[in-house]
Amino acid sequence: MDNKFDIGIIGAGPAGYTAALHASVQGKSVVLFEKDKIGGVCLNKGCIPTKSILHSSEIYKQTLNGDKFGITANNVTLDYSKVIERKNKTVETLHKGIELALKNAKVTIIHGEAKIQDKNTIFCDNVSFNCTKIICATGSSPKIIKGLEFDHKFILSSDDILNLEKLPKSILIVGSGAIGTEWGRIFNNFGVKTTVVELAPHLLPIADTEVSKRLERIFKSEKINFYTGTYITNIQNKKISLSNSIETEPEIVLVAVGRTPNIKEQIDGISYIGDVSGEIQLAHYGIKQAIEFIDGTEFRKDLTPSVVYGSPEIAWVGKREQDLEEGSYKKSTVLISSLGKAHCDGNTDGFIKILSQNNKIIGAHIVCTEASSLIQQLTIAIQNDISTDKLKETCFPHPTYSEGIFEALFK
Ligand SMILES: Cc1cc2nc3c(=O)[nH]c(=O)nc-3n(C[C@H](O)[C@H](O)[C@H](O)COP(=O)(O)OP(=O)(O)OC[C@H]3O[C@@H](n4cnc5c(N)ncnc54)[C@H](O)[C@@H]3O)c2cc1C
């Protein structure tokens with residue numbers, strides 16, 4: 001093999017494989033190193049497997065609660081091994097798709113652990129690769145906190161939780177970021193006794209506080225137990241003491257308190273993209289960084305939408321109320337319960353909140369079915385500086401959840 005390449009990329013997660021595909025379109029020779037599975041955390045341990053399992057959990061719950069829609073299902077059974085089988089198939093299908101795309105793009109894939117020797121040399125399995133440019137996209141790993149180190153049996157990471165062969169009777173989730181919240185909803189949908197412990201004063205602390213408070217209301221109505229401003233003080237023989245003096249004995253503990261970039265130190269002359277860059281740890285952020293680096297297509301990093309999946313979905317972009325000075329902005333809120341579609345679907349919980357200044361949207365916060373898609377409309381509006389008056393000229397279809405955006409513009 002000729003070991004000279006225009007671009008060497010370490011890590012075949014969304015950031016790495018996107019960089020590889022875009023570089024290859026530009027006619028560059030690309031070598032891509034992956035020590036585990038193509039697709040990275042996103043495809044194998046993150047976005048995709050969790051959303052597949054979440055979907056199964058929602059179907060299970062909807063089936064059990066079908067009565068109010070006039071559908072009564074008797075003897076509903078849950079076979080968790082089939083849930084996992086479907087998840088694995090979903091991952092495998094997408095995995096094949098990415099592999100094929102990389103093959104068609106003539107990207108050279110090297111399966112092995114790569115090391116950066118200097119700004120133009122990568123070593124892998126004692127072979128040296130000369131690259132004009134090196135991109136490091138090695139991702140991140142679950143954060144370990146003192147006293148809650150993963151033993152992979154009782155104290156589990158978000159990787160371990162995917163390997164469960166059967167559902168536990170009860171779980172304690174430490175951390176209520178996107179990962180903790182989504183898994184809390186998944187386990188609760190499956191009927192597992194679920195408790196979430198959050199150190200911050202509110203659940204989902206990175207969100208707009210009104211969103212966090214709404215999530216707390218939803219957790220209460222869904223009977224997901226949670227404690228905010230609380231941390232674990234002691235674990236002994238699976239008995240867990242919390243700082244609020246409560247003691248609990250869950251079957252397992254999931255620690256989801258963030259992720260650490262897979263890097264010791266950055267080397268001059270190397271480009272770091274995706275989770276390893278230490279910036280926003282979301283797949284679409286890494287993808288945009290890759291495209292920015294390869295194609296030069298810049299993007300507004302402050303307009304990276306965030307989504308938390310489950311029912312209802314939660315999504316936001318731009319400024320949160322707590323970022324803004326009181327009285328310096330306009331707030332327009334529409335309750336989801338005012339929308340016809342929400343009543344048809346039986347999903348009336350939530351709101352669409354638009355924050356604006358001088359007729360320009362600066363932030364949007366949505367708790368609503370399909371929030372993951374709705375947020376994109378507002379991201380496009382903010383990014384393109386479209387005024388609220390101009391948006392009012394847009395025709396929104398009926399009955400939809402997007403009408404909530406339209407109504408908010410007139411508030
Ligand atoms: C449970 C969970 C749910 C998530 N859900 C979402 C979601 O819904 N939406 C979203 O946007 N994000 C989500 N994320 C975050 C998302 O998965 C990450 O932001 C994304 O995977 C980062 O992409 P990346 O390419 O930077 O790195 P990764 O996907 O982590 O890929 C890095 C790759 O590099 C490889 N690698 C590392 N070191 C080496 C080496 N020395 N040699 C060769 N290969 C190496 C790794 O094996 C890995 O395959 C979720 C994460 C988790 C854990």
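Select the shell around the ligand in this predicted model, and colour the shell by residue class: its residues divide into 14 nonpolar, 15 polar and 6 charged. The shell holds 35 residues, and if you look for those that come nearest to the ligand, you will find G11, G13, G40, G139 and G274. Next, show the helices and strands, and pick out the elements that give two or more residues to this shell, namely α1 (14–25), β2 (30–34), α2 (40–44), α3 (47–64) and α7 (283–295).

Now select A137, which sits in the loop between β6 (127–136) and β7 (140–142). Is A137 buried or exposed? A residue counts as buried if 20 or more other C-beta atoms lie within 10 Å of its own, and A137 is buried because it has 32 C-beta neighbours inside 10 Å. Leaving aside neighbours within four places in sequence, the residues in contact with A137 include I9, I10, A15, A19, I273 and V276, and also G11, G13 and G274, three residues that you have already met among those nearest the ligand. Select F33 as well, and the viewer should show a distance of 9.8 Å between the C-alpha atoms of A137 and F33, although 104 residues separate them in sequence.

Step back and colour the protein by domain: domain 1 covers 4–139 + 260–295, domain 2 covers 144–257, and domain 3 covers 303–409. The C-alpha centres of domain 1 and domain 3 are 30 Å apart, and the contact between these two domains takes 9 residues from domain 1 and 5 residues from domain 3. On the side of domain 1 that touches domain 3, α3 and α7 each supply at least two residues, with α3 giving the largest share, 3 residues. Coloured by class, that side of domain 1 has 5 nonpolar, 1 polar and 3 charged residues.

Finally, turn to the largest nonpolar core, which has 61 residues, and select L254, I366, A371 and I375, the members that touch the most other members. Helix α9 (residues 371–383) gives the most to this core, with 6 residues. Where does this core lie in relation to the domains? Domain 2 and domain 3 both give residues to the core, so it lies between them. Centre the view on L254, which touches L156, I161, I171, I173, V174 and W183, when residues up to four places away in sequence are not counted. Apart from this core lies another, of 43 residues, and to find it you can select L43, L102, C131 and L282, which are among its members.

Terms used. Residues are numbered from 1 along each chain as its sequence is written. This is a predicted model: local features need pLDDT of at least 70, side-chain atom pairs count only at pLDDT 80 or more; totals for chains, interfaces and linings use all residues. A nonpolar core is a set of buried Ala, Val, Leu, Ile, Met, Phe, Trp, Tyr and Cys residues joined through C-beta atoms within 7 Å. A residue is buried if 20 or more other C-beta atoms lie within 10 Å of its own, exposed if 12 or fewer, and partly exposed in between; C-beta atoms are placed from the backbone. Helices (H or I, at least four residues) and strands (E, at least two) are DSSP runs, numbered from the N terminus. Domain bounds come from an automatic or database domain assignment. Two residues are in contact if their C-beta atoms, placed from the backbone, lie within 7 Å. A residue is near a molecule or strand if its C-beta atom, placed from the backbone, lies within 6 Å of it. Ala, Val, Leu, Ile, Met, Phe, Trp, Tyr, Cys and Pro count as nonpolar, Asp, Glu, Lys and Arg as charged, and the others, Gly among them, as polar.
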